[in-house]
Amino acid sequence: RCRVFAVDEDELLADGFVREQDATALLVEAEHFSGRWLTAGDAVVVQVLSAVQGECVYDGTVTWSEARRIGVGALHLRERVQKRAAVRVPVELPHRICDRVVGSAREPLDEPIDVVVLDVSAYGLRFRSRAELEPGTRLALTLTGPRRPLDLVLEVVRVQELRTDHGYGCRIVAADERTTDDLFSFVLDEQRRQLAERRDAR
């Protein structure tokens, strides 16, 4: 994900994705233009959300701008911030949970729990289910949305009453770095896919 701002006014000019990037330049494909049109030589601030580096903020100069694409050169890294927890994507992924987690051991549930995962971030997810669960309950879920199935331990931290189901906000417990990276990559890939679908539907 990428946003382009005017330097002086802190005005959001464009919102979209990075198509290409090297050490000194990047190409932005803009989904939305929110401010004035950009011309070569304009100084800008570029905010990039990366699966590997978190949020990076660059100073740069527009090299060209046409249609929905913006070239930015002379990049200089201003700030790098890890903000993975705040990035979340809505989904609708049916799953079945068969085990609870007690301590470090998995124990079979008396009956499997059918759930629908509603949104995902690198550190948590939300699902709905007809099953009644208490805060603090830990469950084992194999998430099949990302590129490889991810074995996760979920801890219920919030309960919300829905019209016919219960909504559960969960944190992901003790995931290793590779799993967190894969989750964050899935969130960004899914955001791109959903935006492309909306663009194609216009």
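Helix H1 lies across strands E7, E8, E10, E11 and E12, and runs at about 145° to E7. The model in which this packing appears is a predicted one, and it contains one helix and 12 strands. Reading from the N terminus, the order of elements is β-β-β-β-β-β-β-β-β-β-β-β-α, and six of the strands close into a barrel in the order E7-E8-E9-E12-E11-E10, with antiparallel pairing.

**Overall dimensions and burial**

- Taken along the principal axes, the C-alpha atoms of the protein fill a box of roughly 65 × 35 × 30 Å.
- The protein has 202 residues, of which 45% count as buried, and it exposes about 11200 Å², with carbon and sulfur atoms supplying 46% of that area.
- When contacts between residues at least 6 apart in sequence are considered, 51% of them join residues at least 24 apart.

**The barrel and its strand pairs**

- The barrel follows the order E7-E8-E9-E12-E11-E10, and neighbouring strands of this sheet are turned by 45° against each other on average, with direction ignored.
- Strands E7 and E10 run antiparallel and are joined by two bridges; aspartate 99 stands opposite alanine 140 in E10.
- Strands E10 and E11, also antiparallel, are joined by six bridges, and a hairpin connects E10 to E11 through six residues.
- Within the pairing of these two strands, leucine 141 has leucine 152 in E11 as its bridge partner.
- Seven bridges join E11 to E12, which run antiparallel, and glutamine 160 stands opposite glycine 167 in E12.

**Nonpolar cores**

- The largest nonpolar core has 29 residues, and those with the most contacts inside it are Val117, Val120, Leu125, Phe127, Leu152 and Leu154.
- At least two residues of this core come from each of strand E7 (88-102), strand E8 (105-121), strand E9 (124-129), strand E10 (138-143), strand E11 (150-161), strand E12 (166-172) and helix H1 (177-201).
- A second, separate core has 18 residues, among them Val4, Val44, Ile70 and Leu75.
- As a general background to such groupings, nonpolar side chains in soluble globular proteins tend to be buried together.
- Phenylalanine 127, leaving aside its neighbours within four places in sequence, is in contact with Val115, Val116, Val117, Leu118, Leu133, Leu139, Leu154, His166, Gly167, Tyr168 and Cys170.

**Two buried residues in strands**

- Leucine 143 is placed in strand E10 and counts as buried because its relative accessibility is 0%.
- Apart from neighbours within four places in sequence, the contacts of leucine 143 are Leu93, His95, Val117, Arg148, Pro149, Leu150, Leu152 and Leu183.
- The C-alpha atom of leucine 143 is separated by 33 Å from that of alanine 14, a residue 129 residues apart from leucine 143 along the chain.
- Serine 65 lies in strand E5, which covers residues 54-66, and this serine also counts as buried, because its relative accessibility of 18% falls under the 20% limit for burial.
- Not counting residues up to four places away in sequence, serine 65 touches Trp37, Leu38 and Ile70, and Ile70 is itself one of the residues of the second core.

**Cysteines**

- The structure holds zero disulfides; a disulfide is, in general, a covalent bond between the sulfur atoms of two cysteines.
- The cysteine sulfur closest to that of cysteine 98 is in cysteine 170, and because the two are 16 Å apart they are too far from each other for a bond, given that a disulfide requires sulfur atoms within 2.5 Å.
- Seen from the other side, the closest cysteine sulfur to that of cysteine 170 is in cysteine 98, again at 16 Å and too far for a bond.
- Cysteine 98 is partly exposed, with a relative accessible area of 38%, whereas cysteine 170 is buried, with a relative accessible area of 6%.
- Cysteine 170 is also among the residues in contact with phenylalanine 127, and Phe127 is one of those with the most contacts inside the largest nonpolar core.

Terms used. Residues are numbered from 1 along each chain as its sequence is written. This is a predicted model: local features need pLDDT of at least 70, side-chain atom pairs count only at pLDDT 80 or more; totals for chains, interfaces and linings use all residues. Side-chain values use heavy atoms; hydrogens and water are left out. A nonpolar core is a set of buried Ala, Val, Leu, Ile, Met, Phe, Trp, Tyr and Cys residues joined through side-chain atoms within 4.5 Å. Buried means under 20% relative accessible area, exposed over 50%, partly exposed in between (1.4 Å probe, protein chains only). Helices (H or I, at least four residues) and strands (E, at least two) are DSSP runs, numbered from the N terminus. Contact means heavy atoms within 4.5 Å. Two strands pair if DSSP finds at least two bridges between them. Axes are lines fitted to C-alpha atoms, for helices over the stretch in contact, and angles run from 0 to 180 degrees between N-to-C directions. Accessible areas come from the Shrake-Rupley method with a 1.4 Å probe; for residues, only the protein chains shown count as cover.
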